[in-house]
Amino acid sequence: MEFKIDKISQNARACTIKMAHGVVQTPVFMPVGTLGAIKSLDAVDMSEILGAKIILANTYHMYLRPGSKVIRGFGGLHGFSKFGGNFLTDSGGFQAFSLSHRSKPDENGIKFKSHIDGSLHYFTPKSVLDTQYDLGSDIMMILDDLVALPATKERIELSLKRTIKWAKEAEIYHKSQKSKGIGVDQNLFGIIQGGTDYNARKECAMALCDMDFDGLAIGGLSVGESNEQMYDTVEGVMPYIDPNRPRYLMGVGTPEDLVENVSRGVDMFDCVMPTRNARNGTLFTSFGKLNIKAAAFINDHEPIDNECQCYTCKRYSRGYLNHLYKAKELTFFRLASLHNLHYYLNLMKEMREAIMADKFIEFKMEFYAKRALTK
């Protein structure tokens, strides 16, 4: 990985990341392809229509089905999905958290039952990397111990202890595998935990910055805390994260979350929100959210957003999309997802342009002013 800071405007950063499957310019939003595909979209949609340079796939789900060895036989995620850009794979730690009734972490890893057939499995810092070597992802995430918020001080301390221990094991193992020619073009990111506890975040960030990770992620947010707590936590930990490595805020979030956290120095994001909300009829626009299910749109000839140049807005009306949704036509999922993802990707592009022109503050003010006009 080659990483370069192109420009800083206030604390917002525009960076360039070069990896085996292409160049990624930040700030960047990574569409979530949990099962090796963005729901309702394919590789052509992602590359040729949306121009996405990096997407996320889920280690937990791909490990269970179809299995990492199967995917390896197709040439990894790139050969399997035919997406030629970069892939980031998470470690499965979040799934262990979200499926907590089926999982139990201990000192050495996470035991869990498959949500598919109930079979027993055990993730360790080494085993999740072995799976990700098979997947061939460009960025691999380490196994971490995530906790729901609010959490007790004792549980936060245990999470820190495990996360730092597992991070060191992953760092050492990845180096040993690379010396054998395994995962040479794959990059490893550490994950900073600590809830909303300032000192815990600081301790974890400093410990991981002492390790040889290619990038550093902030995990364990957007899991029950308020927006203000999230923003304060990111702002508080940022001085302790090496500025010469990519900074990734995991699982976040709304357009407002992206703007606020870019302004605090975050480079990379992912979230299921644009595609999940699309399938439920909620569309993101320059003036806020729009519920296409509303009866007011039945005879509306306008596009979703007159400022939008996406595939959907250039071709179809709100009235048509309203009809597709109510008729439960599968085409709606694709058209709505293309719009929402275009909105997110374009938002990141606009932020980068503002940073490069050293006008991020002006961009942020205009972003909120447009929303205020519709309230």
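This note goes through a few sites in a predicted model, starting with an annotated binding site.

1. The annotated set. An unreviewed UniProt entry lists Cys308, Cys310, Cys313 and His339 under "binding site". These residues are spread over 32 residues of sequence, yet they cluster in space, and the largest C-alpha distance among them is 8.5 Å. One of the set, Cys310, belongs to the lining of the second largest pocket.

2. Cys310. This residue sits in the loop that runs between strand S16 (288–291) and helix H12 (318–326). Its relative accessible area is 1%, so Cys310 counts as buried, the limit being under 20%. When residues up to four places away in sequence are not counted, Cys310 touches His339 and His342. The contact with His339 therefore joins two members of the UniProt set, given that contact means heavy atoms within 4.5 Å.

3. His339. In contrast to the loop position of Cys310, His339 is placed in helix H13, which covers residues 331–356. Is His339 buried or exposed? With a relative accessible area of 0%, His339 is buried. Leaving out residues up to four places away in sequence, His339 touches Cys308, Cys310 and Cys313, which are the cysteines of the UniProt list. Its other contacts are Leu283, Phe284, Thr285, Ile304, Asp305 and Thr312.

4. A surface patch. Val70, Phe74 and Phe80 make a nonpolar surface patch of about 270 Å². Val70 lies in helix H3, residues 68–73. Its relative accessibility is 39%, which means that Val70 is partly exposed, between the 20% and 50% limits. A residue needs over 30% relative accessible area to be part of a patch, so Val70 qualifies on that count.

5. Met238. Which elements flank the loop that holds Met238? They are helix H9 (227–237) and strand S13 (247–249). Met238 is buried, because its relative accessible area of 7% falls under 20%. Apart from neighbours within four places in sequence, Met238 is in contact with Ile218, Arg247, Arg264, Gly265 and Val266.

6. A separation along the chain. Met238 and His301 are 63 residues apart along the chain. What is the separation of their C-alpha atoms? It is 46 Å. For the UniProt set, by comparison, a spread over 32 residues of sequence goes with a largest C-alpha distance of 8.5 Å.

7. A point on the record. The binding-site listing comes from an unreviewed entry, and such annotations may be inferred rather than shown by experiment. The clustering of the listed residues, with a largest C-alpha distance of 8.5 Å, is computed from the predicted model.

Key
Residues are numbered from 1 along each chain as its sequence is written. This is a predicted model: local features need pLDDT of at least 70, side-chain atom pairs count only at pLDDT 80 or more; totals for chains, interfaces and linings use all residues. Side-chain values use heavy atoms; hydrogens and water are left out. On a 1 Å grid over the protein atoms alone, a cavity is a set of points where a 1.4 Å probe fits but cannot get out, and a pocket is an open set with protein on both sides within 12 Å along at least five of seven lines; lining residues have an atom within 4 Å of a point. Helices (H or I, at least four residues) and strands (E, at least two) are DSSP runs, numbered from the N terminus. Buried means under 20% relative accessible area, exposed over 50%, partly exposed in between (1.4 Å probe, protein chains only). Patches are made of residues with over 30% relative accessible area and no salt bridge: like charges are joined within 9 Å, nonpolar side chains (Val, Leu, Ile, Met, Phe, Trp, Tyr) within 5 Å. Accessible areas come from the Shrake-Rupley method with a 1.4 Å probe; for residues, only the protein chains shown count as cover. A salt bridge is a side-chain nitrogen of Lys or Arg within 4 Å of a carboxyl oxygen of Asp or Glu.
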